[in-house]
Amino acid sequence: MKKNSIKNTRINGEVQRELSRIIRENLKDPRVHEMTSVTSVEVAPDLKTCKVFISVLGTPEELEETVKGLRSAEGYIRRELAHTVNLRMTPELKFIADDSIARGISMSQLIDEVMASSTGNADEEEQAEEEETDDRPE
C-alpha cells in the first residue's frame, strides 16, 4: 500500500473530525447508535471517494443498523461535510463497519485471563517450594 502524503493525512484527519461531529450533533436517525465512533477515514488522493470506518459500542446488530442508517443519510452527511470542509470536491462516502475496538477489547480480556492464570500458577509454585523447605530435616 502506498504511503499517504502529508496533505492526504491532514485531509483524512480533518474529514474524520468533521464526520464525527456531524454524526454526533446533527444526525437524528434513530437507527444510528449514540455510541458511534468514526475510527478511521481514508480519502482517496483524487478526493472522489472516502472510506469511513464506523465502530459502535454495542451489539453487532446495533453496528449493522447504524451502518444502514448512515448509508441512508449519506447525502445529508456529504452536504454538511461540504459546508464545513473546504475541498475542491466533496468525496463520495462509503460507510464500513469496523469491529477493531471489539476485537481489541476481547484480546485485552484474553491477556488479562492469561496473566491471572499465570499469577495463580506462580503463587502455587511458591507455596509448593515453601512446603518442600518446611519438610526438610534440619
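# Close-up views of a predicted model

**View 1. The whole chain, element by element.** Welcome to the overview: the protein chain holds four helices and three strands. This is a predicted model, so everything described in these legends is read from a prediction. Starting at the N terminus, the elements follow one another in the order α-β-β-α-α-β-α. Of the 138 residues in the protein chain, 28% are buried. The protein chain exposes about 9,800 Å², and 51% of that area comes from carbon and sulfur atoms. Looking at contacts in the protein chain with a separation of 6 or more, 61% of them involve residues that are 24 or more positions apart.

**View 2. The hairpin of β1 and β2.** Here we look at strand β1, residues 36–43, which pairs with β2 in the antiparallel sense through seven bridges. To find one of these pairings by eye, start at Ser 40, whose bridge partner in β2 is Phe 53. Five residues lie between the two strands of this hairpin. Take a moment to find Leu 47 in the turn, where phi is positive at about 65 degrees.

**View 3. Strand β2 and its other partner, β3.** Strand β2 spans residues 49–56 and is mostly covered, with six of its eight residues buried. How many bridges join β2 to β3? There are six, and these two strands run parallel. Strand β3 covers residues 92–97. A handy landmark is Lys 51, which stands opposite Lys 94 in β3. As you follow the strands, keep a general pattern in mind: in a regular strand, side chains alternate between the two faces of the sheet.

**View 4. The largest nonpolar core.** Which residues touch the most other members of the largest nonpolar core? They are Leu 19, Val 52 and Ile 77, in a core of 24 residues. At least two residues of this core come from each of α1, β1, β2, α2, α3 (74–84) and β3. Helix α1 gives the most, contributing five residues to this core. In soluble globular proteins, nonpolar side chains tend to be buried together.

**View 5. Leu 19 and its surroundings.** This view picks out one of the residues just named. Setting aside neighbours within four places in sequence, Leu 19 is in contact with Val 38, Val 41 and Val 52. Under that condition, Leu 19 also contacts Ile 77, Leu 81 and Leu 93.

**View 6. A salt-bridge network that includes Arg 21 and Glu 25.** A search of the whole structure finds six salt bridges. Glu 18, Arg 21, Arg 24 and Glu 25 are linked in a network of them. In the salt bridge between Arg 21 and Glu 25, the closest N and O atoms are 3.6 Å apart. Because Arg 21 and Glu 25 are four residues apart in helix α1 (residues 6–26), about one helical turn separates them. Glu 25 also forms a salt bridge with Arg 24, and there the closest N and O atoms are 3.5 Å apart. As for accessibility, Arg 21 is partly exposed at 21%, Glu 25 is partly exposed at 41%, and Arg 24 is exposed at 58%.

**View 7. The salt bridge of Asp 29 and Arg 31.** Is Asp 29 buried or exposed? Asp 29 counts as buried, because its relative accessibility is 18% and the cut-off for buried is under 20%. Its salt-bridge partner is Arg 31, with the closest N and O atoms 3.0 Å apart. Arg 31 is partly exposed, with a relative accessible area of 35%.

**View 8. His 33 and its contacts.** Where does His 33 sit? You will find His 33 in the loop between α1 and β1. His 33 and Val 56 are 23 residues apart along the chain, and their C-alpha atoms are separated by 7.0 Å. Leaving out neighbours within four places in sequence, the contacts of His 33 are Val 56, Leu 57, Glu 62 and Thr 66.

**View 9. A nonpolar patch on the surface.** The last stop is a surface patch formed by Met 35, Leu 57, Ile 101 and Ile 105. Together these nonpolar residues have about 360 Å² of accessible area. Leu 57, which is in contact with His 33, lies in the loop between β2 and α2 (60–72). Leu 57 counts as exposed because its relative accessibility is 54%, and the cut-off for exposed is over 50%.

Key
Residues are numbered from 1 along each chain as its sequence is written. This is a predicted model: local features need pLDDT of at least 70, side-chain atom pairs count only at pLDDT 80 or more; totals for chains, interfaces and linings use all residues. Side-chain values use heavy atoms; hydrogens and water are left out. Buried means under 20% relative accessible area, exposed over 50%, partly exposed in between (1.4 Å probe, protein chains only). Two strands pair if DSSP finds at least two bridges between them. Patches are made of residues with over 30% relative accessible area and no salt bridge: like charges are joined within 9 Å, nonpolar side chains (Val, Leu, Ile, Met, Phe, Trp, Tyr) within 5 Å. Accessible areas come from the Shrake-Rupley method with a 1.4 Å probe; for residues, only the protein chains shown count as cover. A salt bridge is a side-chain nitrogen of Lys or Arg within 4 Å of a carboxyl oxygen of Asp or Glu. Contact means heavy atoms within 4.5 Å. A nonpolar core is a set of buried Ala, Val, Leu, Ile, Met, Phe, Trp, Tyr and Cys residues joined through side-chain atoms within 4.5 Å.
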